[in-house]
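Trainee: I am new to this structure and would like to learn how to read its features one at a time. Could you take me through them slowly?

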Amino acid sequence: LQTCDAAQIQIASKQFVELCVKYTDIVTKLNAAIQGIKPLTAAIEKLLDGKAKRTLTPMHADLLQLCLLSGCYHKGDQIIRSFP
């Protein structure tokens, strides 16, 4: 997720979101939620490349879920506070 090309993500954004949802499911089942935060954050940034940064995506919900499961409440708080 961290090495994906932003231009290709824009072309197949629906499939990319589905991939990220499956990724979230896998790291959750492996009890490795904390390891999924950084890649999912990078994926969201690439998906929103060139768009308004205040756009919520389905991946934000997955990212917040990983933050809660891993106990990284500060990261979840940062995400929530970035939206008015």
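Trainee: To begin with charged side chains, how many salt bridges does the count come to?

Mentor: Please keep in mind throughout that this is a predicted model. To look for a salt bridge, one asks whether a side-chain nitrogen of Lys or Arg is within 4 Å of a carboxyl oxygen of Asp or Glu. By this rule the count here comes to one salt bridge. R81 forms a salt bridge with D77, and the closest N and O atoms of the two are 2.8 Å apart.

Trainee: Where do R81 and D77 lie?

Mentor: Both residues belong to helix α5, where they are four residues apart, which is about one turn of the helix. As for their surroundings, R81 counts as exposed because its relative accessibility is 65%, and the cut-off for that word is over 50%. D77, with a relative accessible area of 35%, is partly exposed.

Trainee: Which side chain of opposite charge is nearest to D62, and how far away is it?

Mentor: That side chain is K22, which is 12 Å away, and D62 is buried yet has no salt bridge. D62 lies in helix α4, which covers residues 58–70. If we set aside residues up to four places away in sequence, D62 touches C20, V21, T24 and L40.

Trainee: I would now like to turn to the helices. How should I describe two that pack together?

Mentor: Two packed helices are described by the angle between their axes and the distance between the axes. Take α2, which spans residues 13–29, together with α4: their axes come within 9 Å and cross at roughly 15°. That makes α2 roughly parallel to α4, because angles under 35 degrees are given that name. The crossing of α2 and α4 is left-handed.

Trainee: Which residues of α2 and α4 meet?

Mentor: On the side of α2 they are F16, V17, C20, V21, T24, V27 and T28, and these meet P58, M59, D62, Q65, L66 and L69 in α4. You will recognise D62 in that list, and its contacts C20, V21 and T24 appear there as well.

Trainee: At what angle do the axes of α2 and α3 cross?

Mentor: The axes of α2 and helix α3, the latter covering residues 33–47, cross at roughly 170° and come within 10 Å. That makes α2 roughly antiparallel to α3, since angles over 145 degrees are described in this way. In this pair, S13, F16, V17, C20, Y23, T24 and V27 in α2 meet A33, Q35, G36, P39, L40, A43 and L47 in α3.

Trainee: Are α4 and α5 roughly parallel or roughly antiparallel to each other?

Mentor: The axes of α4 and α5 come within 8 Å and cross at roughly 150°, and the two helices are therefore roughly antiparallel to each other. α4 passes α5 in a left-handed crossing. The contact is made by H60, L63, L64, C67 and L68 of α4 and by Y73, K75, G76, I79 and I80 of α5.

Trainee: How far apart are I80 and L64 in sequence and in space?

Mentor: They are 16 residues apart in sequence, and their C-alpha atoms are 8.7 Å apart in space. I80 has its place in helix α5, which covers residues 73–81, and with a relative accessible area of 52% I80 is exposed. L68, in helix α4, also deserves a look, for it counts as exposed at 57% relative accessibility. The C-alpha atoms of L68 and A33 are separated by 8.7 Å, although these residues are 35 residues apart along the chain.

Trainee: What should I look for in the loops?

Mentor: One thing to check is the backbone angle phi. Most residues other than glycine have a negative phi. N31, in the loop between α2 and α3, has a phi near 55°, a positive value in a residue other than glycine. N31 is exposed, with a relative accessible area of 73%.

Trainee: Is T57 buried or exposed?

Mentor: T57 is buried, with a relative accessible area of 12%, and its place is in the loop between α3 and α4. Leaving aside neighbours within four places in sequence, T57 is in contact with I44, L47 and L48. T57 and V17 are 40 residues apart in sequence, while their C-alpha atoms are 8.7 Å apart in space.

Methods. Residues numbered from 1 in each chain as written. Predicted model: local features only at pLDDT ≥ 70, side-chain atom pairs only at ≥ 80, totals over all residues. Heavy atoms only, no water. Buried < 20%, exposed > 50% of the residue type's maximum accessible area, 1.4 Å probe, protein only. Lys, Arg positive; Asp, Glu negative; His and termini not counted. Contact = heavy atoms within 4.5 Å. Axes fitted to C-alpha atoms, helices over the stretch in contact; angles between N-to-C directions. Parallel < 35°, antiparallel > 145°, perpendicular 65-115°, else oblique. Left-handed = near helix turned anticlockwise from the far one by under 90°.
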